[in-house]
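Trainee: I have a model open in the viewer and would love a close look at one part of it. Could you walk me through its interior?

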Amino acid sequence: MVVQRAFRGSPAAPWFAAAVRKQTRHRFERGSSVHIRSTRGAAIAVLTAMALIPATLSAASAAETSTPASAPGVTVGEQATDPSTARDYWTPSRVKEAVANEKQDEIDIAHEAAVAAKATTGAAKTAHAGEGPRLTAEAPRFLPAGRDATGSPAVLAAVPEMAHAEKVPFPQSIPAVIVGKILYVDAAGESHGCSGASIIADGKNTVWTAGHCVHPGDGSGADGFHDSVLFIPGYKESATSPNGYDAPWGEWVAQTFVAPEAWTQDKDYNEGDLAAFTVKAPAGYTNLADTVGALGYRFGDGSDWSDIIDSGFPGEGYNRTDMDGYTQFFCTGNVVDAANLNPFDDRLEMDCDMGGGASGGPMATTEGQIVGANSHVEVDDSGERINDNLYSSNHGSQAVAVINRINELN
C-alpha cells in the first residue's frame, strides 16, 4: 500500500538540526579516526535478533493505490536470454571473472558518482530533484510460513556502530539468505558481480538492487539492460570444487527489469541508482519469497536513519584483504544525509568498509525494511578508496515508482 507518512514524526524539524547532527558526528567519529567496533558476539546477536521479529505472513504491495500521473518515469525491459541458457552460462570460471572485475567496477562507479556529486554542489539542481509530488510507500518484511520465529522487536532497539564489516554468522539461514549474489553480463560481453535482496512484491518473485547492476545508465533504454542476470540467494564458494560456487537455494534468472529513467537515461547517482527485477523460479521451487523470505521497504521517508543493517557480497573493502566476493558480510550503524547543506543531494551515507561486489546490497532497518541500496564509495584520482563511506541513492519517489511498476507487472 502507498501511504503518506512523516519521517520519524517530525517533518517540521528545522532543516539545520540534521546538519548539526551530521557535522557533529563527522567531527567526533571521523575527525578522530575512531570507530566503536562491536564484538563478534554482539554482531551475532544482531542477526539472531532479526530472526525474532514477528513476520507478516501475507504479501504486502505498494500498488494498492495507483501511481500519480506525475510520478517519475521508469524503464521496463526483458531478459534477453532464456532461463536455461542463462544458468548454464555461469560456469565457475565466469563467476571468478565476474568477481575479479568488481574492483575496477568500484573505481569506475566511484569516479562517475564523484562527478555527479560536484554537479549538484551549492544551489545546483539535478534533472530530477524536487520534481513532482513527494511519494512514500511502505511494506513489512515477509518470512515463509513455518520458518518464522516469534519474539520481541524491543531486542533491536539499537544496534552497535560497526563500520568494520563482519561475516554473516549464519549465511545459510533465514533471514540471511534473503540477500544474494547477482551476476550479469554487460554489452561488451564481460562478466560482473553485484548483490541484491528479495523484496516483498506482488508475485513474490522480485529482487531489489542498484540500478548499475542491471543497466549501464547510458540512455539505451529498454534494450540496454544487462544480459544473463542471475540472482543466487545463499550463494557461497564451493567447499568441494576448487574455484567453484554453490547455490543451495537455487539460481533465479531475471525476467523483467524496472529502473528509473533517472538512471537509465541520466545515470543519476543522487536519486536513480536503484532497480528491481522479477525472477523465474528454478525447478523444484514455487516463488522466491516463499523460499527464502523477502525484505519489506520504507521509501520516501528521508535520508537519516538509526540502526541500519547493511549487507552484501563484497570482493573488495577499505583496508581489507579478507573479502573474496563469495562471502556475505554486514555492517551496522546509522545512516545520514550525505549533503545536508545541499537540498538537491539526498544520498544516504553510512560508515561501512564493504566495497565492490556489495553494490546493490540492502540498507535495511532492524524491522527488515529496505531504505537504500549500496551504490558507490569515494576514491582518489588513482582509484584508491579514501575512507569507509558507503553511499546509496535516495530511495524516495523514484523507488516508489519502481516498486509500483513491478507490482503492476505481476
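Trainee: Which residues have the most contacts inside the largest nonpolar core, and how many residues does that core have?

Mentor: Happy to, and please keep in mind that this is a predicted model. The largest nonpolar core has 66 residues. Those with the most contacts inside it are Trp90, Trp208, Tyr235, Phe277, Tyr297 and Phe299. Strand β10 (residues 252-260) gives this core its largest share, 6 residues. Another core lies apart from it, with 18 residues, including Ala110, Phe329, Cys331 and Cys352.

Phe277 is a good place to zoom in. Setting aside neighbours within four places in sequence, its contacts include Ile182, Val207, Val214, Phe231, Phe257 and Ile406. Polar residues touch Phe277 as well, among them Asn205, Thr206, Thr209 and Thr256.

One of those contacts, Ile406, leads us to helix α8 (residues 397-409), where Ile406 is one of the buried residues. Here 10 of the 13 residues are buried, so the helix is largely enclosed by the rest of the structure. The buried set also includes Ser397, Gln398, Asn404 and Asn407. From first C-alpha to last, α8 reaches 19 Å, close to the 18 Å expected at 1.5 Å a residue.

Helix α4 (residues 92-100) is worth setting beside it. Its buried residues are Val95, Ala98 and Val99. Viewed down the axis of α4, these fall within an arc of 95°, so they line one face of the helix. An α-helix has 3.6 residues a turn, so residues three or four places apart point the same way. On the face turned away from the buried side, α4 carries the exposed residues Ser93 and Ala100. The buried residues of α4 pack against α5 (102-118), β4 (179-185), β5 (191-198) and β9 (245-246).

Let's follow β5 from there. Strand β5 is mostly covered, with 8 of its 8 residues buried. β4 and β5 run antiparallel and are joined by 7 bridges, with Val185 standing opposite Ser191 in β5. The hairpin of β4 and β5 has 5 residues between the strands, and in it Gly189 takes a positive phi near 85°. β5 also pairs with β6 in the antiparallel sense, over 2 bridges. There Ala197 stands opposite Trp208 in β6, and Trp208 is among the residues with the most contacts inside the largest core.

β5 also brings us to a disulfide. Cys194 and Cys213 form one, with their sulfur atoms 2.1 Å apart. The torsion about their S-S bond is about -80°, so this disulfide is left-handed. Cys194 lies in β5 and Cys213 in the loop between β6 (206-209) and β7 (227-233), so the pair ties together parts 19 residues apart in sequence. Cys194 counts as buried at 2% relative accessibility, and Cys213 is buried at 0%.

The count comes to 2 disulfides, and the other pair takes us back to the core of 18 residues, which includes Cys331 and Cys352. Cys331 and Cys352 form a disulfide with their sulfur atoms 2.1 Å apart. Here the S-S torsion is about 75°, so the disulfide is right-handed. Cys331 sits in strand β14 (residues 329-337) and Cys352 in the loop between β15 (348-351) and β16 (362-365), 21 residues apart. Cys331 is buried, with a relative accessible area of 0%, and Cys352 also counts as buried at 0%. With the bonded cysteines numbered in sequence order, the pairing is 1-2, 3-4.

Methods. Residues are numbered from 1 along each chain as its sequence is written. This is a predicted model: local features need pLDDT of at least 70, side-chain atom pairs count only at pLDDT 80 or more; totals for chains, interfaces and linings use all residues. Side-chain values use heavy atoms; hydrogens and water are left out. A nonpolar core is a set of buried Ala, Val, Leu, Ile, Met, Phe, Trp, Tyr and Cys residues joined through side-chain atoms within 4.5 Å. Buried means under 20% relative accessible area, exposed over 50%, partly exposed in between (1.4 Å probe, protein chains only). Helices (H or I, at least four residues) and strands (E, at least two) are DSSP runs, numbered from the N terminus. Contact means heavy atoms within 4.5 Å. The arc is that of the directions from the helix axis to the C-beta atoms. The expected span of a helix is 1.5 Å times one less than its number of residues. A disulfide is a pair of cysteine sulfur atoms within 2.5 Å. Two strands pair if DSSP finds at least two bridges between them.
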